[in-house]
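Got the viewer open? Set it to cartoon, keep the side chains ready to switch on, and follow along stop by stop.

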Amino acid sequence: MASGDLITLRNLYSAGSYLDTNGHATADQKKAGGKYDVLTAKNADRGTGTAEWRIFAQTSTPQDTAVHIGDTVHLWNVYGGNGGFLETNGIGPAGGKYDVCTNAYYNRTGNVADWRITAA
């Protein structure tokens, strides 16, 4: 996979599900530039582009355009051509650590939109 590629992200729990934008950001998320709420969906094609993400590596070693284990990336959702960057935003629901949404800003504060590639 190369920086700039279009990908889907599938969770492996149980029957699996796809990272997906679904509905507008909550009022609290919108206060910090939030665009869409994020959840998982049964299918990768629930809505056009809702589960499609463009992956951008900050840098990599070697600098061959590929995304490697250990790279820090930003994930851009392509819903409507402008779905926003995946980020953590606020405290999550009971049992969760942080809420997740997309944002208009690529990294509005404190690395909230930075994601590290690790082996499953």
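Which residue stands opposite Asp37 in β8? Select Cys101 and you have the answer: Cys101 is the residue facing Asp37 there. Before going further, bear in mind that you're looking at a predicted model.

**Stop 1: around β8**

You've just landed on a strand pairing. β4 (residues 34-41) and β8 (residues 98-103) are joined by two bridges and run antiparallel. Now colour β7 (residues 84-91). β7 and β8 are also antiparallel, with five bridges between them. To see one residue pair in that ladder, pick Leu86, whose bridge partner in β8 is Thr102.

Follow β7 into the hairpin it makes with β8. Six residues sit between the two strands, and Gly95 has a positive phi near 90°.

Stay with β8 and select Asp99, which belongs to that strand. What is the nearest side chain of opposite charge to Asp99? Arg108, at 9.3 Å, and Asp99 has no salt bridge even though it is buried. Show Gln29 as well: the side chains of Asp99 and Gln29 make a polar contact of 2.5 Å.

**Stop 2: β6, inside and out**

Next, select residues 72-77, which is strand β6. Is β6 enclosed or open to the outside? Six of its six residues are buried, so the rest of the structure largely encloses the strand. Flip the view to check each face. Thr72, His74 and Trp76 are buried on one side, and Val73, Leu75 and Asn77 are buried on the other.

Now bring in the strands that pair with β6:

- β5 (residues 53-57) runs antiparallel to β6, with five bridges between them. In that ladder, Ala57 has Val73 as its bridge partner.
- β9 (residues 115-116) is antiparallel to β6 as well, and two bridges join them. Look for Arg116 in β9, opposite Thr72.
- β7 is joined to β6 by two bridges, again antiparallel. Here Trp76 stands opposite Phe85.

Between β6 and β7 there is a hairpin with six residues separating the strands, and Gly80 in it takes a positive phi near 65°.

**Stop 3: the aromatic rings**

Turn on the aromatic side chains. How many aromatic pairs does a search of the whole structure find? Three. Start with Tyr36 and Tyr79, an edge-to-face pair with ring centres 5.3 Å apart and planes at 90°. This pair ties together distant parts of the chain, with Tyr36 in β4 and Tyr79 in the loop between β6 and β7, 43 residues apart. Surface exposure is worth a look here too: Tyr36 counts as buried because its relative accessibility is 16%, whereas Tyr79, at 33%, counts as partly exposed.

Then slide over to Trp76 and Phe85, which form another edge-to-face pair, 4.7 Å centre to centre with 65° between the planes. Trp76 has a relative accessible area of 17%, so it counts as buried. Phe85 is buried too, at 15%. Add Tyr106 to the selection and you have one aromatic cluster made of Trp76, Phe85 and Tyr106.

**Stop 4: the nonpolar core**

Hide the rings and make a new selection: Ile7, Leu19, Val38, Trp53, Ile55, Ala57, Val67, Val73, Leu75 and Leu86. Together they are the largest nonpolar core, with 10 residues. Which elements give two or more residues to this core? They are β5 and β6. β5 supplies the largest share, three residues.

**Stop 5: out to a loop**

Finish at Thr59, in the loop between β5 and β6. Thr59 has a relative accessible area of 48%, so it counts as partly exposed. Show Gln63 next to it, and you'll find a polar contact of 3.1 Å between the two side chains. For one last distance, put a C-alpha to C-alpha ruler from Thr59 to Asn111: they are 52 residues apart in sequence and 15 Å apart in space.

Key
Residues are numbered from 1 along each chain as its sequence is written. This is a predicted model: local features need pLDDT of at least 70, side-chain atom pairs count only at pLDDT 80 or more; totals for chains, interfaces and linings use all residues. Side-chain values use heavy atoms; hydrogens and water are left out. Buried means under 20% relative accessible area, exposed over 50%, partly exposed in between (1.4 Å probe, protein chains only). Helices (H or I, at least four residues) and strands (E, at least two) are DSSP runs, numbered from the N terminus. Two strands pair if DSSP finds at least two bridges between them. Rings of Phe, Tyr and Trp (its six-membered ring) pair if their centres lie within 6.5 Å; planes under 30 degrees apart count as stacked, over 60 as edge-to-face and the rest as tilted. A nonpolar core is a set of buried Ala, Val, Leu, Ile, Met, Phe, Trp, Tyr and Cys residues joined through side-chain atoms within 4.5 Å. A polar contact is a pair of N or O atoms within 3.5 Å; within protein, one must be able to donate a hydrogen and the other to accept it, and residues adjacent in sequence count only if both atoms are side-chain atoms. Lys and Arg count as positive and Asp and Glu as negative; His and the chain ends are not counted. A salt bridge is a side-chain nitrogen of Lys or Arg within 4 Å of a carboxyl oxygen of Asp or Glu.
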